[in-house]
Amino acid sequence: MRRIALFDLDGTLVDSVPDLNAALDRLMAARGLPGFDRAAVTGMVGDGVRALVERALAARGQPFDPAALVSFTADYTAHATDATRPFPGIPEALDALAARGWRLAVCTNKPVAAARVLLETLGLSARLDAIGGGDSFPVRKPDPGHVLGTLAAAGGVPEAAVMVGDHHNDVAAAAAAGLPCVFVTWGYGPPAMADGCPLAHAPAELPDLLDSMLPARVAGGG
Ligand SMILES: O=C(O)COP(=O)(O)O
Ligand SMILES: [Mg+2]
């Protein structure tokens, strides 16, 4: 069984806050409301697009509005890579992991359509065996079903997999699914969210760290 590294997307592989911020600001402007700074948007990301829109409206004293979610999702999906880029060193780290025999997949709370567009446009999708979005399964992170569903789609099993993420949803979903987790410190979640998981401070640390957590011989080769 080849080892699989399951990556979170926002805040782990890519810095997506600039485009989320811009799309939220357009949504707010259309309603005559002020926009947000980066820190405010960073704190709202992690629980999927509905929670993001709900939090943004609540921050401006507005109730949740399904029409806002529909227009935000369409607008964001069309602009998901205006400014969003992989964090420096991510493409190289993914290549290094693949060269060491790791299969790669993405497990994100972002809607799968936006995740696919983003990963394809940024040239990352060819490396991936599966993309599990926030709407791909009946549940999403922190529910372990999202991790296990993505893993199954990639042809993997929990005993030969590691989750890599930047949010307590990633840590909690991995733990409940029985996977070890690496917490990356370049993302959007504060280090307290790591909850004892090993930390990665730069993408270049990932190949050795993942190999040390799940040596190829333990996973049964590759
Ligand atoms: O869409 C979100 O809120 C977060 O997405 P992520 O799971 O890729 O971090
Ligand atoms: Mg994330």
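**Questions on two domains and their helices**

Reader: Which residues of helix 4 are buried?
Author: A residue is called buried if 20 or more other C-beta atoms lie within 10 Å of its own, exposed if 12 or fewer, and partly exposed in between, with C-beta atoms placed from the backbone. The structure is a predicted model, in which local features need pLDDT of at least 70 and side-chain atom pairs count only at pLDDT 80 or more, while totals for chains, interfaces and linings use all residues. Residues are numbered from 1 along each chain as its sequence is written, and chains are lettered from A and ligands numbered from 1 in the order in which they are written. In helix 4 (helices, H or I of at least four residues, and strands, E of at least two, are DSSP runs numbered from the N terminus), the buried residues are Ala 68, Phe 72 and Tyr 76.

Reader: Why do the buried residues lie on the same side of helix 4?
Author: An α-helix has 3.6 residues a turn, so residues three or four places apart point the same way. In helix 4 the buried residues are Ala 68, Phe 72 and Tyr 76. They lie on the same side because, taking the directions from the helix axis to the C-beta atoms, they cover an arc of only 50 degrees.

Reader: Which exposed residues does helix 4 carry on the face turned away from its buried side?
Author: Helix 4 spans residues 66-78, and what covers its buried residues includes helix 1 (17-30), helix 3 (49-59) and helix 6. On the face turned away from that buried side, the exposed residues are Pro 66, Ala 67, Val 70 and Ala 78.

Reader: How far does helix 4 reach from its first C-alpha to its last?
Author: Helix 4 has 13 residues, and the expected span (1.5 Å times one less than the number of residues) is 18 Å. The reach in the model is close to that expectation, at 19 Å.

Reader: How many residues does each domain give to the contact between domain 1 and domain 2?
Author: The domain assignment, which is automatic or from a database, gives domain 1 (4-15 + 86-213) and domain 2 (17-78), and their C-alpha centres lie 24 Å apart. Two residues count as in contact if their C-beta atoms, placed from the backbone, lie within 7 Å. By that rule, domain 1 gives 15 residues and domain 2 gives eleven.

Reader: Where does ligand 1 lie with respect to domain 1 and domain 2?
Author: A shell of 15 residues surrounds ligand 1 (a residue is near if its C-beta atom, placed from the backbone, lies within 6 Å), and the closest are Leu 9, Asp 10, Thr 108, Asn 109 and Lys 110. Because domain 1 and domain 2 both give residues to this shell, ligand 1 lies between them.

Reader: Is Thr 84 buried or exposed?
Author: Thr 84 sits in the loop between helix 4 and strand 3 (85-86), and, not counting residues up to four places away in sequence, it touches residues including Val 14, Asp 15 and Leu 118. Thr 84 and Leu 118 are 34 residues apart in sequence and 8.2 Å apart in space, C-alpha to C-alpha. With 20 other C-beta atoms within 10 Å, Thr 84 is buried.

Reader: Which residues does Asp 135 touch, not counting residues up to four places away in sequence?
Author: Asp 135 is in the loop between strand 5 (128-132) and helix 7 (144-153), and with 18 other C-beta atoms within 10 Å it is partly exposed. Under the stated exclusion, Asp 135 touches Pro 111 and Val 112.
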